Amino acid sequence: MIPDGLRWQVLERDEWHCRYCGRAVILQWHGAPPLLAATIDHVIPRSGGGKTCPENLVTCCRACNQEKGSAIPTPGLVSAIRRESRWLMTQAPKKLGVLA
């Protein structure tokens with residue numbers, strides 16, 4: 001289970017776009033809570049030893065999540081996602097509410 005606060009941090013960090021295909025994941029936003037077509041995906045699945053931490057979580061559209069399933073992406077993609085995730089989490093911590 002991914003805590004709600006961490007889920008929102010990942011969505012904000014990824015700017016509401018699927019990290020695999022680049023599609024926007026907000027379907028509706030009119031002053032009400034957003035209607036999402038997204039999941040938060042473990043890049044390395046928990047079943048494969050992946051942790052629930054920002055570096056291993058990405059915003060993912062439902063189509064990509066279904067296609068990926070519990071597969072582990074190529075090592076190059078995993079490294080790129082983790083590097084970018086760490087960079088984003090350190091560049092915008094106040095915006096994301098991660099650090100005081």
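How much of the accessible surface of the protein belongs to carbon and sulfur atoms? The answer is 57%, out of a total of about 6200 Å². Okay, hi everyone, let me walk you through this one. Keep in mind that what you see is a predicted model.

Let's start with the overall layout. The protein has four helices and four strands. If you trace the chain from the N terminus, the elements go α-β-β-β-β-α-α-α. The chain has 100 residues, and 37% of them are buried. Now look at contacts between residues with a separation of 6 or more: 59% of those come from residues 24 or more positions apart.

Next up, helix α1. It covers residues 4-13, and its buried residues include Leu6, Val10 and Leu11. Gln9 and Arg13 in this helix are buried too. After α1 comes Glu15, which has a positive phi, near 55°.

Then we get to the loop between α1 and β1, and β1 itself is residues 26-28. Trp16 sits in that loop. Is Trp16 buried or exposed? With a relative accessible area of 14%, Trp16 is buried, because the cut-off for buried is under 20%. Here's something to find on the screen: Trp16 and Ala37 are 21 residues apart in sequence, and their C-alpha atoms are 9.9 Å apart in space.

Arg19 is in that loop between α1 and β1 as well. Its relative accessible area is 17%, so Arg19 also counts as buried.

That brings me to the charged pairs. How many salt bridges does the structure hold? Three. Take Arg13 and Asp14 to begin with: their closest N and O atoms are 2.8 Å apart. Arg13 has a relative accessible area of 4%, so it is buried. Asp14, at 6% relative accessibility, is buried as well.

Asp14 has another partner, namely Arg19, and here the closest N and O atoms are 2.6 Å apart. Both of these residues are buried. You can also describe this pair as a polar contact between the side chains of Arg19 and Asp14, again at 2.6 Å.

The remaining bridge is between Lys68 and Asp41, with 3.2 Å between the closest N and O atoms. This pair ties together distant parts of the chain: Lys68 belongs to helix α2, residues 62-68, while Asp41 belongs to strand β3, residues 38-42, and the two are 27 residues apart. Lys68 is buried, at a relative accessible area of 13%, and Asp41 is buried at 5%. Going back to the other bridges, shared partners join Arg13, Asp14 and Arg19 into one network.

Now for the cysteines. A quick reminder: a disulfide is a covalent bond between the sulfur atoms of two cysteines. How many disulfides does a search of the whole structure find? Zero. Cys18 is in no disulfide, and the nearest cysteine sulfur, which belongs to Cys21, is 3.7 Å away. Why does Cys61 have no bond to Cys64? The closest cysteine sulfur to that of Cys61 is the one in Cys64, and at 3.6 Å it is too far for a bond, because a disulfide needs the sulfur atoms within 2.5 Å. Both Cys18 and Cys61 are in the buried class: Cys18 has 3% relative accessibility, and Cys61 has 6%.

Let's stay with Cys18 for a moment. Leaving out residues up to four places away in sequence, which residues does Cys18 touch? They are Arg23, Val25, Thr59, Cys60, Cys61 and Cys64.

Cys18 also shows up in the largest nonpolar core, which has 13 residues. Within that core, the residues that touch the most other members are Cys18, Val25, Ile40 and Leu57. Which elements give two or more residues to this core? Those are α1, β3 and β4, where β4 is residues 57-61.

So if you want one residue to click on after the meeting, try Cys18: buried at 3%, in no disulfide, and among the core residues that touch the most other members. And then have a look at Asp14, which forms salt bridges with Arg13 and with Arg19. That's it from me, thanks!

Note on methods:
Residues numbered from 1 in each chain as written. Predicted model: local features only at pLDDT ≥ 70, side-chain atom pairs only at ≥ 80, totals over all residues. Heavy atoms only, no water. Salt bridge = Lys/Arg side-chain N within 4 Å of Asp/Glu carboxyl O. Buried < 20%, exposed > 50% of the residue type's maximum accessible area, 1.4 Å probe, protein only. Contact = heavy atoms within 4.5 Å. Areas by Shrake-Rupley, 256 points an atom, 1.4 Å probe, with all protein chains shown as cover. Core = buried A, V, L, I, M, F, W, Y, C linked by side-chain atoms within 4.5 Å. Polar contact = N/O pair within 3.5 Å; in protein donor to acceptor, adjacent residues only side chain to side chain.
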